[in-house]
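Trainee: Could you help me learn how to read the surroundings of a ligand and the empty space inside a protein model?

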Amino acid sequence: MIPPEHPRYRSLFARERLARYAAEGIVSLEGLSAHGRGEAFDYLLGEKTTASALLAEKTAAALLLTARDPVISVNGNTAGLAAELIAPLQEKSGAKVEVNLFHRTEERIKKISRLLRDHGVRLEEGNAERLLPLSHDRALCQRGGIYQADVILVPLEDGDRCQALREMGKTVIAIDLNPLSRTARSASLTIVDELTRALPNLTSFCASLPRHEAEALAGSLDNTRFLADALEMMKEGLSHAMD
Ligand code: PTJ
């Protein structure tokens with residue numbers, strides 16, 4: 001039990017939650033090291049949502065709202081950290097939700113699906129097919145979900161799959177604290193922010209963005225700007241670290 005007054009409460013709480021879900025087979029062991037990498041980048045950002053990331057979140061909401069068939073792809077880390085934040089985003093964005101895993105086993109799919117359903121998420125389910133241009137089980141997805149989607153939100157995604165989705169002509173929104181990752185660089189739009197800060201912002205923008213503003217924002221997207229802003233913030237943070 002972590003005392004709420006501990007100065008690193010939020011970080012320790014997230015780690016405890018991930019460790020518990022790893023023991024239950026929801027989060028992969030690899031997911032624990034992926035989280036550590038994210039935490040290191042978040043430290044450099046000052047563990048807060050920057051103004052640029054907030055604009056990226058608003059732009060992401062615009063892309064979801066103006067999409068023909070938007071999908072949120074949920075993996076083990078996303079479910080482990082933020083299961084309760086998915087249903088509100090689904091409701092306000094109108095997106096489908098598909099469980100799609102990097103370290104895929106049918107057992108993990110079942111456990112994550114159950115956790116999400118328990119938190120009110122309506123899932124795109126059925127037999128996954130090998131529809132993505134990737135080898136092994138990473139090619140599997142739902143025909144009526146990710147395969148048909150035009151806009152896909154992929155929190156904490158692997159670079160290869162992000163690139164494959166882009167090659168299929170899809171608009172890919174990544175949430176990734178590492179602005180240097182292949183995912184961040186190949187996504188159509190990268191939100192460089194921590195998942196549990198980014199998702200509620202996305203939901204409230206989806207609830208409040210007027211249609212004409214969403215259309216204008218969706219048409220004016222410049223991802224290299226968002227990535228450069230994130231790197232600049234990290235450089236600035238480091239240069240003031242010893243002040
Ligand atoms: O559950 P699975 O089997 O689908 O596997 C999920 C992981 C995350 C293990 C898998 O997709 C993976 O290996 O991802 P990567 O390639 O390690 O990429 C994850 C990215 O997310 C890294 O760039 C991290 O810096 C970043 N990241 C980690 N935690 C967070 C984060 N970004 C935002 N918020 C976080 N909490």
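Mentor: Let us begin with the shell around the ligand in this predicted model, where the residues divide into 7 nonpolar, 8 polar and 7 charged. The shell holds 22 residues, and the closest are Phe 102, His 103, Arg 108, Asp 176 and Glu 194.

Trainee: Which element gives the largest share of the shell around the ligand?

Mentor: That share, 5 residues, comes from H2. The ligand sits in the largest pocket, and the elements that give two or more residues to its shell are helix H2 (29-44) and helix H4 (76-93).

Trainee: Which side chain has an N or O atom 2.8 Å from an oxygen atom of the ligand?

Mentor: The side chain is that of Arg 108, while a polar backbone atom of Gly 76 lies 2.8 Å from an oxygen atom of the ligand. For a nitrogen atom of the ligand, a polar backbone atom of Leu 177 is found at 3.2 Å. The protein covers 93% of the 740 Å² of accessible area that the ligand has on its own.

Trainee: How should I read empty space, and how many cavities of 30 Å³ or more does a search of the whole structure find?

Mentor: The general idea is that rolling a probe the size of a water molecule over the atoms shows where empty space is left. Here the search of the whole structure finds 1 cavity of 30 Å³ or more, and about 50 Å³ of space lies in the largest cavity. Its lining residues, including Thr 50, Phe 226 and Asp 229, divide into 7 nonpolar, 3 polar and 1 charged, and the largest share of that lining, 4 residues, comes from H11.

Key
Residues numbered from 1 in each chain as written. Predicted model: local features only at pLDDT ≥ 70, side-chain atom pairs only at ≥ 80, totals over all residues. Heavy atoms only, no water. Near = heavy atom within 4 Å. Polar contact = N/O pair within 3.5 Å; in protein donor to acceptor, adjacent residues only side chain to side chain. Areas by Shrake-Rupley, 256 points an atom, 1.4 Å probe, with all protein chains shown as cover. 1 Å grid on protein atoms, 1.4 Å probe; cavity = no way out; pocket = protein on both sides within 12 Å on 5 of 7 lines; lining within 4 Å. Sits in = over half its atoms within 2 Å of the grid points. Nonpolar A, V, L, I, M, F, W, Y, C, P; charged D, E, K, R; others polar. Points joined across faces, edges and corners; volume = space filled by probe spheres on them.
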